[in-house]
Amino acid sequence: MTKYKINRDQEPKTPTQEQMEKYKDFSRLTANYDKFTKRPKLPLYKDKRFFLALIIIALIAYLLSQA
Amino acid sequence: MDKKKASYRQDLEFIAKAKRDKNSFSLLYNKYWEQLFLYIFKKVQSMDVAGEVCQTAMLKAMMNLPKYEDRGFPFSAWLYRIASNEVNLYFRKKKKDGFVEIKDTHVKELMGEIEISGLESIDEQEKLLAVLSELKPNQAEIIEMRFFFSYSFKEIADFYKISEANAKMRLYRIIDKLKQKWSDQ
């Protein structure tokens with residue numbers, strides 16, 4: 001539901017061109033675009049840390065199954 | 001060639017470029033940033049929020065640009081649609097109601113359309129806004145665009161991707177609904 005408020009005292013505020021420019025940042029936009037669209041350079045199974053974590057999980061699973 | 005047609009052709013050119021090279025999206029970004037920012041600002045009433053929402057809307061536009069097809073409507077209409085959805089999403093996430101600050105002259109204009117007497121009465125003006133708040137968001141939106149943001153029928157038609165005649169019909173149906181609600185209270 002939208003609420004409405006009448007501004008009787010002054011013109012409703014409007015940002016100036018300079019104020020709007022401050023928020024304009026195309027490089028941030030492209031960085032975000034890349035973040036969302038580009039695949040990670042390394043596939044997960046080739047990532048050293050992920051691979052190590054996978055071995056640890058497998059080892060724990062094995063030890064638990066033997067216990 | 002008039003200004004609007006020239007702008008439309010320029011957009012098609014920019015879109016084709018941006019589809020080939022993402023950096024060319026900056027042409028559209030620079031052209032529409034202010035317009036979109038102002039549209040969002042009118043709805044969220046905060047510059048920081050408008051900046052963030054505008055950036056997200058632009059990102060979504062950039063990501064969906066490969067799917068964009070020209071159907072004879074201005075590119076800006078597509079952008080406004082995305083921005084409108086982003087604003088609604090923002091209010092839903094924040095669990096806040098939408099908020100629109102308006103001039104009393106705009107309310108008086110709407111009162112005139114609904115044939116309410118006593119345009120100067122603050123009580124009547126507030127009552128009308130309460131009735132307006134009861135409308136469904138998509139119904140209130142068209143009233144806001146026409147009476148509070150002073151959009152032309154052409155701009156409303158482009159926004160909804162309908163003809164101008166349809167935009168007028170849709171608006172007057174909602175005005176009739178408002179009249180009905182006004183007389184019922």
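A residue counts as buried when 20 or more other C-beta atoms lie within 10 Å of its own, as exposed when there are 12 or fewer, and as partly exposed in between, with the C-beta atoms placed from the backbone. By that rule, 33% of the 185 residues of chain B are buried, while buried residues make up 4% of the 67 residues in chain A.

Before going on, please note that this is a predicted model, in which local features need pLDDT of at least 70 and side-chain atom pairs count only at pLDDT 80 or more, whereas totals for chains, interfaces and linings use all residues. Residues are numbered from 1 along each chain as its sequence is written, and chains are lettered from A and ligands numbered from 1 in the order in which they are written.

**The two chains**

Helices (H or I, at least four residues) and strands (E, at least two) are DSSP runs, numbered from the N terminus. Chain A has 3 helices and 1 strand, in the order β-α-α-α along the sequence. Its radius of gyration is 27 Å, well over the 11 Å that the globule rule gives for 67 residues, so chain A is more spread out than a compact globule. Here the radius is taken over C-alpha atoms, and the globule rule is 2.2 Å times the number of residues to the power 0.38.

Chain B holds 9 helices and 1 strand, and from the N terminus its elements run α-α-α-α-β-α-α-α-α-α. Two residues are in contact if their C-beta atoms, placed from the backbone, lie within 7 Å. Of the contacts in chain B with a separation of 6 or more, 56% join residues 24 or more positions apart.

The table gives the extent of each chain's C-alpha atoms along the principal axes.

| Chain | Approximate extent |
|---|---|
| Chain A | 80 × 30 × 15 Å |
| Chain B | 55 × 40 × 25 Å |

**Where the chains meet**

How many residues of chain B are in contact with chain A? There are 30, and they touch 23 residues of chain A. On the chain B side, α2 (25-44), α3 (47-64), β1 (98-103), α5 (104-114), α6 (122-133) and α7 each supply at least two residues. The largest share, 8 residues, comes from α3(B). By class, this side of chain B has 18 nonpolar, 6 polar and 6 charged residues. Ala, Val, Leu, Ile, Met, Phe, Trp, Tyr, Cys and Pro count as nonpolar, Asp, Glu, Lys and Arg as charged, and the others, Gly among them, as polar.

The strands of the two chains also pair, which takes at least two DSSP bridges between them. Strand β1 (residues 2-7) of chain A runs parallel to β1(B), and 6 bridges join them. Among the partners, A:N7 is matched with B:K103, and A:K5 stands opposite B:E101.

In a regular strand the side chains alternate between the two faces of the sheet. The covered face of β1(B) carries B:G98, B:V100 and B:I102, and the uncovered one B:F99, B:E101 and B:K103. B:E101 is partly exposed because it has 15 C-beta neighbours inside 10 Å. Although B:E101 and B:F41 are 60 residues apart in sequence, their C-alpha atoms are 10 Å apart in space.

**Helices that pack within chain B**

Axes are lines fitted to C-alpha atoms, for helices over the stretch in contact, and angles run from 0 to 180 degrees between N-to-C directions. Angles under 35 degrees count as roughly parallel, over 145 as roughly antiparallel, 65 to 115 as roughly perpendicular and the rest as oblique.

Helix α7 (residues 137-148) and helix α9 (residues 164-184) of chain B pack at about 110 degrees, with axes 10 Å apart, and are therefore roughly perpendicular to each other. In this contact, B:Q139, B:I142, B:I143 and B:R146 of α7(B) meet B:R170, B:L171, B:I174 and B:K177 of α9(B).

Helix α1 (residues 3-20) of chain B and α2(B) cross at roughly 135 degrees, their axes coming within 7 Å; these two helices are therefore oblique. B:F14, B:K17 and B:A18 in α1(B) meet B:F25, B:L27 and B:L28 in α2(B). That contact has 5 nonpolar, no polar and 1 charged residues.

**Two loop residues**

B:Q45, in the loop between α2 and α3 of chain B, has a positive phi of about 55 degrees although it is not a glycine. B:S150, in the loop between α7 and α8 (153-160) of chain B, has a positive phi near 55 degrees and is likewise not a glycine. Are these residues partly exposed or exposed? B:Q45 is partly exposed, with 16 other C-beta atoms within 10 Å, and B:S150 counts as exposed, with 10 C-beta neighbours inside 10 Å.
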